[in-house]
Amino acid sequence: HELTIGCAGGVDVTATGTYEMDVTPKGSVAYRLTLKGLTGGHSGMDIHKGRGNANKLINRVLLAAVKEFGLQFSIIDGGGLRNAIPRESFAEVVVTEPDSQNLLAFIKAEEQVLTNEYHSTDPNLTLSLEPVALPAQVASDAFSYRLLRCLSACPNGIYRMSPDIAGLVQTSNNLARVLVKDGNFSVLCLTRSAVDSEKMDLAKAIRNTFELCGANVEFAGSFPGWAPRPDAPIVKLMRELYTEKFKEEPLVNACHAGLECGIIGANYPGIQMISFGPNILGAHSPDEKVQVSSVHKFWGFLLETLKRIPPRPANAT
């Protein structure tokens, strides 16, 4: 029931670097801290839904525990693909023996806080602590504190709503992947915007943030957005045809996802485009599915549209 006529562009932001490691203090105990059960979703289409980001939430817990107990970590591993809101993250952490029971109580309290905050969007959220073998080394205190603060400061979620289209996200960032292990770290973001200059401004702000902890930050894979043309003849044709066939108005909209139309439009200025298809739910998550019954509807609508597109003039260039 949707005819999409505009989309966001995007750019991959990657921060990498190395860090100092220290010998694990004697008399320490180690745990695996796991945050899981988040809903996740598409980092464009679902970014406005307020769902928890596993990388941001576990970082919040770690930063508080560093200040409270002098906690140290050997590994942080969260998220996956850039275009998916991260659902899980874990960290291997170390504290002194006397602080171990206090840490357990602290994690239980933090789980309750997060559960209360995200009970609507992420009802299956869990935060747990399990004993693991003591690692030989941990990240240095100086580096740990710098990195956790940079991750805390990194923008995530909606940056700006469209001032022109009600309810449409204009610019956002997804803190998609964090890996800290064996003296190397990497942070992957996907920054999206329908306005290219605003996209790059936010990407540069993220770069500035991670340069504060000594990271090398690179931009790659930039792709353009697709500006809506609601008065284009193809929009009028397909809107009227949809209403004729299905006895209701289609939803004509723009989206915050990245579509191939942005790249096509950049190479063929002035081309008329529509993005439409079967219903897909839970994109970029393990719950992704297509509504089979909608495929037949889409296919018939496509064939009828092709029949009604006026033939191109013989002398057209």
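**Exercise 1.** Which residues does L103 touch, not counting residues up to four places away in sequence?

*Solution.* The model is a predicted one. Leaving out those sequence neighbours, the contacts of L103 are Y31, A65, F69, L71, V95 and L129. L103 also belongs to the largest nonpolar core, a set of 53 residues, where L103, V180 and F210 have the most contacts inside the core. Helix α1 (residues 54-69) supplies the largest share of this core, nine residues. A second core, separate from it, has 11 residues, including A232, V235, M238 and L241.

**Exercise 2.** Find how many disulfides the model holds, and examine C189 and C255.

*Solution.* Step 1: the cut-off for a disulfide is a pair of cysteine sulfur atoms within 2.5 Å. Step 2: for C189, the closest cysteine sulfur is that of C154 at 4.0 Å, so the distance is too far for a bond. C189 is buried, at 1% relative accessibility. Step 3: for C255, the nearest cysteine sulfur belongs to C7 and lies 5.7 Å away, and C255 is in no disulfide. C255 is also buried, with a relative accessibility of 10%. Step 4: the count of disulfides is zero.

**Exercise 3.** Describe the nonpolar surface patch that includes V295, and classify V295 as buried, partly exposed or exposed.

*Solution.* Step 1: the patch is formed by I280, V290, V292 and V295 and covers about 350 Å². Step 2: V295 lies in helix α7 (residues 292-308). Step 3: the relative accessible area of V295 is 35%. Buried means under 20% and exposed means over 50%, so V295 is partly exposed.

Note on methods. Residues numbered from 1 in each chain as written. Predicted model: local features only at pLDDT ≥ 70, side-chain atom pairs only at ≥ 80, totals over all residues. Heavy atoms only, no water. Core = buried A, V, L, I, M, F, W, Y, C linked by side-chain atoms within 4.5 Å. Buried < 20%, exposed > 50% of the residue type's maximum accessible area, 1.4 Å probe, protein only. Helix = DSSP H or I, 4+ residues; strand = E, 2+ residues; numbered from the N terminus. Contact = heavy atoms within 4.5 Å. Patch = residues over 30% accessible without salt bridge, like charges linked within 9 Å, V, L, I, M, F, W, Y side chains within 5 Å. Areas by Shrake-Rupley, 256 points an atom, 1.4 Å probe, with all protein chains shown as cover. Salt bridge = Lys/Arg side-chain N within 4 Å of Asp/Glu carboxyl O.
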